[in-house]
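Student: I've got a protein–DNA model open and I'd like to check the labels people put on it. Can we go through them one by one?

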There are 2 protein chains.
Amino acid sequence: MSRMPVAERREQLVEAALAVASRDGIEAATVRAVAAEAGVSLGVVHYCFQDKDELLRAMAHAITERNAVQGLELIPSGLPVETVVEQVIGVLWAAISGTRGSQLLSYELTTSSLRHPELNKVAIEQYRGQWTTAQRVLEVVGHAADVSWTVPVEELARVVVAVIDGFSLAWLVDGNAEAALRGLQGFGSYLATLAVPAGTSDDDVLPAPADA
Amino acid sequence: MSRMPVAERREQLVEAALAVASRDGIEAATVRAVAAEAGVSLGVVHYCFQDKDELLRAMAHAITERNAVQGLELIPSGLPVETVVEQVIGVLWAAISGTRGSQLLSYELTTSSLRHPELNKVAIEQYRGQWTTAQRVLEVVGHAADVSWTVPVEELARVVVAVIDGFSLAWLVDGNAEAALRGLQGFGSYLATLAVPAGTSDDDVLPAPADA
DNA sequence: GTCTATAGTTGGATAGAC
DNA sequence: GTCTATCCAACTATAGAC
């Protein structure tokens, strides 16, 4: 354990911070607690990170990346869009409902970030990541089901993230996973109504450039 | 200021706590800060409240009540349901976007409550209040526009709260009020499609009891 | 009832031995 | 590089003077 390169040590500490914060909340993620979780002494943390904020920022970055990389690129083709959407929501909800502590931590990070200037960029980066992820998923779904969306995907992505956020929060509060999933699938049905068969062009969305 | 009855003093302190927490965040709402905000000394707070948690619970209760009592009972009658929904959303959004600190505090209270056993009931009471409020608004809207909902209002209320939560959070993060309102109105349009002209009976929803 | 003073914790950060 | 020891600040809570 001793004499570990700094980069590796930082990873280990970020991992420990994630473990503590997911389990006991962001307030519990003190420098001391993280050091104890990682099995190192207090000084080591301050050697690897300038201060607590830098540690928290690193942790936030890690959780954001982790959420983004959820590779759902194995979406089946040739199915009706309602089915594809339903399946994607099912997989997504399994990922969410299986990581309660992480989800709660995400909201804690968001609110903390909005209060403390030194964590200012955490929340916006978190959401930018979610918006672009949602947008990519929508595009992949559209391609897989051979449809295009009647609403700009960028705008639609915001709606998707908002709805998921809302139902996740409700589930965190009342623990009713069935109601949350039912609500999400209801939204999925609505979402499917916003899709129309793709245009004659084999890939893109623009049917006919009007002018200029 | 001196020699104030305890009940009144408690109100004053809860008010001060709300002011501090809305402005600077729930973490900043320490006993000291609240005492300072109220212009009393540290001991006074501990004389009126057993401990910090009781003060926070009182504050949470106050903010929940405040959100619930937003008397929107002046909903116009005789208009199409799309219009009524649009107007209600407009009023609601004005109330939300005008109280940024309070909104953020609500989310902080929710997450805090979910982490700390001693605040256990705060979050669920918060949401129960929001769900029943949403349900009442849906019922009033249905009555005013002379429609009934094709989805159980209880279920629909959960959806409404989730969507509002989601868009509010996004707005807190990116400050884009136009996008949030646009998203909410988009949801409102969808909501209106879930309404059908009220049955022949002048008030209730049940058209024909099938059996028993 | 209200104040000051203080006890007792906790946590961030650093110095200095090894 | 890693550890122990320590400083300092902020907080909750209470005791006791007035």
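Tutor: Sure. Let's start at DNA strand C, where a side-chain N or O atom of Arg9(B) sits 3.2 Å from a phosphate oxygen. Keep in mind that this is a predicted model.

Student: What makes that pair of Arg9(B) and the phosphate oxygen of DNA strand C a polar contact?

Tutor: The cut-off is a pair of N or O atoms within 3.5 Å. The Arg9(B) pair is at 3.2 Å, so it counts as a polar contact.

Student: Which part of DNA strand C does the side chain of Arg32(A) reach?

Tutor: A base nitrogen, which is 2.6 Å from an N or O atom of that side chain. Val31(A) goes for the backbone of the strand instead: one of its own backbone N or O atoms lies 2.9 Å from a phosphate oxygen of DNA strand C. Both values fall within 3.5 Å, so both pairs are polar contacts.

Student: Which elements give two or more residues to the surface near DNA strand C?

Tutor: Those are α2 (31-38) and α3 of chain A. In total, 13 residues surround DNA strand C, with Val31(A), Arg32(A), Arg3(B), Met4(B) and Val44(B) as the closest. By class, that surface has four nonpolar, four polar and five charged residues. Of the DNA strand C atoms within 4 Å of the protein, 55% are sugar or phosphate and the rest belong to bases.

Student: And DNA strand D, how many residues surround that one?

Tutor: There are 14, and the closest are Arg3(A), Met4(A), Val44(A), Arg32(B) and Lys52(B). They divide into five nonpolar, four polar and five charged. Sugar or phosphate accounts for 60% of the DNA strand D atoms within 4 Å of the protein, and bases for the rest.

Student: What makes α3 (42-48) of chain A part of the list of elements for DNA strand D?

Tutor: It supplies at least two residues of the surface near DNA strand D, and so do α2 (31-38) and α3 (42-48) of chain B.

Student: How do you know that Ser41(A) makes a polar contact with DNA strand D?

Tutor: Put the distance against the cut-off: a polar side-chain atom of Ser41(A) is 3.2 Å from a phosphate oxygen, and the limit is 3.5 Å. So Ser41(A) qualifies. His46(B) also does it with a polar side-chain atom, 3.3 Å from a phosphate oxygen of DNA strand D. Lys52(B) uses a polar backbone atom, 3.0 Å from a phosphate oxygen of that strand.

Student: Now the helices. Why is the pair α8(A) and α9(A) called roughly antiparallel?

Tutor: The axes of α8 (residues 153-174) and α9 (residues 177-192) of chain A cross at roughly 165° and come within 9 Å. Angles over 145 degrees count as roughly antiparallel, so the label fits α8(A) and α9(A). Their crossing is right-handed. By class, this contact has twelve nonpolar, one polar and no charged residues. Among those meeting are Phe167(A) and Trp171(A) in α8(A), and Leu184(A) and Phe187(A) in α9(A).

Student: And what makes α1(A) roughly perpendicular to α2(A)?

Tutor: The axes of α1 (residues 6-24) of chain A and α2(A) cross at roughly 110°, coming within 8 Å. The perpendicular range is 65 to 115 degrees, so α1(A) is roughly perpendicular to α2(A). The contact includes Leu13(A) and Arg23(A) of α1(A), and Val34(A) and Glu37(A) of α2(A). It has eight nonpolar, one polar and two charged residues.

Student: Then why is α6(A) called oblique to α7(A)?

Tutor: α6 (residues 100-115) and α7 (residues 120-144) of chain A pack at about 135°, with axes 6 Å apart. That angle is not over 145 degrees and not within 65 to 115 degrees, nor is it under 35 degrees. So α6(A) ends up oblique to α7(A). The crossing is left-handed. Ser106(A) of α6(A) and Tyr127(A) of α7(A) are among the residues making the contact, which divides into five nonpolar, five polar and no charged.

Student: Last one: what pattern does chain A follow along the sequence?

Tutor: It reads α-α-α-α-α-α-α-β-α-α-β, which comes to nine helices and two strands.

Methods
Residues are numbered from 1 along each chain as its sequence is written. Chains are lettered from A and ligands numbered from 1 in the order in which they are written. This is a predicted model: local features need pLDDT of at least 70, side-chain atom pairs count only at pLDDT 80 or more; totals for chains, interfaces and linings use all residues. Side-chain values use heavy atoms; hydrogens and water are left out. A residue is near a molecule or strand if one of its heavy atoms lies within 4 Å of it. A polar contact is a pair of N or O atoms within 3.5 Å; within protein, one must be able to donate a hydrogen and the other to accept it, and residues adjacent in sequence count only if both atoms are side-chain atoms. Helices (H or I, at least four residues) and strands (E, at least two) are DSSP runs, numbered from the N terminus. Ala, Val, Leu, Ile, Met, Phe, Trp, Tyr, Cys and Pro count as nonpolar, Asp, Glu, Lys and Arg as charged, and the others, Gly among them, as polar. Axes are lines fitted to C-alpha atoms, for helices over the stretch in contact, and angles run from 0 to 180 degrees between N-to-C directions. A crossing is left-handed if the near helix is turned anticlockwise from the far one by less than a right angle, and right-handed if clockwise. Contact means heavy atoms within 4.5 Å.
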